[in-house]
Amino acid sequence: QVQLVESGGGLVQPGGSLRLSCAASGSIFKINTMGWYCQAPGKQRELVAAITSGGSTNYADSVKGRFTISRDNAKNTVYLQMNSLKPDDTAVYYCNARLTTVVRSNADYWGQGTQVTVSS
């Protein structure tokens with residue numbers, strides 16, 4: 001069984017920063033891409049940033065230059081450093097990992113979500 005446990009959300013003022021973390025655990029053979037998605041009320045879940053096992057990154061246009069995704073392969077952990085936060089960044093942020101276990105290959109797993117609220 002695989003678990004993704006997120007931490008680091010909260011309430012922050014506009015212009016502030018937050019750092020999200022997500023640790024994967026369980027019977028994992030290999031983790032391919034890890035990423036962060038967000039879902040605001042009434043909207044679909046959308047990609048914020050993703051990073052491959054080799055370190056290649058991809059960002060939504062709305063966060064380029066403000067957010068940085070990184071990962072520690074030894075710890076099966078992905079991070080999202082969020083700077084210059086705006087009220088429009090308010091959403092539930094979900095961690096995603098595409099990974100291989102002994103019974104599933106390249107399957108998507110999700111964290112429980114962490115709320116990020118940007119407000120004065």
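**Exercise 1. Read the order of elements from the N terminus on, then judge the overall build.**

Solution. Step 1: walk along the protein from the N terminus, and the elements read β-β-β-β-β-β-β-β-β-β-β. Step 2: the radius of gyration is 14 Å, close to the 14 Å from the globule rule for 120 residues, so the protein is as compact as a globular protein of that length. Step 3: count the elements; there are eleven strands and zero helices. Step 4: box in the C-alpha atoms along the principal axes, which takes roughly 45 × 25 × 20 Å. Keep in mind that this is a predicted model.

**Exercise 2. Find what share of the residues is buried, and name residues of the largest nonpolar core.**

Solution. Step 1: apply the cut-off, since buried means under 20% relative accessible area. Step 2: of the 120 residues in the protein, 42% are buried. Step 3: turn to the largest nonpolar core, which holds 33 residues. Step 4: pick out the members that touch the most others, namely Trp-36, Val-48, Leu-80, Met-82 and Tyr-93.

**Exercise 3. Trace the contacts of Val-48, then follow one of them to Asn-58.**

Solution. Step 1: leave aside neighbours within four places in sequence. Val-48 is then in contact with Trp-36, Leu-80 and Tyr-93, among others. Asn-58 is also one of its contacts. Step 2: locate Asn-58 in strand β6, residues 57–59. Step 3: compare positions; Asn-58 and Val-48 are ten residues apart along the chain, and their C-alpha atoms are separated by 8.3 Å. Step 4: list what Asn-58 touches beyond four places in sequence: Leu-47, Val-48, Ala-49 and Ala-50. Step 5: classify Asn-58. Its relative accessibility is 43%, so Asn-58 counts as partly exposed.

**Exercise 4. Place Arg-98 and describe its surroundings.**

Solution. Step 1: Arg-98 sits in strand β9, residues 91–101. Step 2: its relative accessible area is 39%, so Arg-98 is partly exposed. Step 3: set Arg-98 against Lys-30. They are 68 residues apart in sequence, yet 8.9 Å apart in space, C-alpha to C-alpha. Step 4: beyond four places in sequence, Arg-98 touches Ile-31, Asn-32 and Thr-33, and also Asn-106, Ala-107 and Asp-108.

**Exercise 5. Work out the long-range contacts, the surface and the charges.**

Solution. Step 1: take the contacts with a separation of 6 or more; residues 24 or more positions apart account for 53% of them. Step 2: the protein exposes about 6500 Å², and carbon and sulfur atoms supply 45% of this area. Step 3: count 11 positive and 7 negative side chains. Step 4: the centres of the two sets lie 5 Å apart.

Notes. Residues are numbered from 1 along each chain as its sequence is written. This is a predicted model: local features need pLDDT of at least 70, side-chain atom pairs count only at pLDDT 80 or more; totals for chains, interfaces and linings use all residues. Side-chain values use heavy atoms; hydrogens and water are left out. Helices (H or I, at least four residues) and strands (E, at least two) are DSSP runs, numbered from the N terminus. The radius of gyration is taken over C-alpha atoms; the globule rule is 2.2 Å times the number of residues to the power 0.38. Buried means under 20% relative accessible area, exposed over 50%, partly exposed in between (1.4 Å probe, protein chains only). Contact means heavy atoms within 4.5 Å. Accessible areas come from the Shrake-Rupley method with a 1.4 Å probe; for residues, only the protein chains shown count as cover. Lys and Arg count as positive and Asp and Glu as negative; His and the chain ends are not counted. The place of a charge is taken as NZ of Lys, CZ of Arg, CG of Asp or CD of Glu. A nonpolar core is a set of buried Ala, Val, Leu, Ile, Met, Phe, Trp, Tyr and Cys residues joined through side-chain atoms within 4.5 Å.
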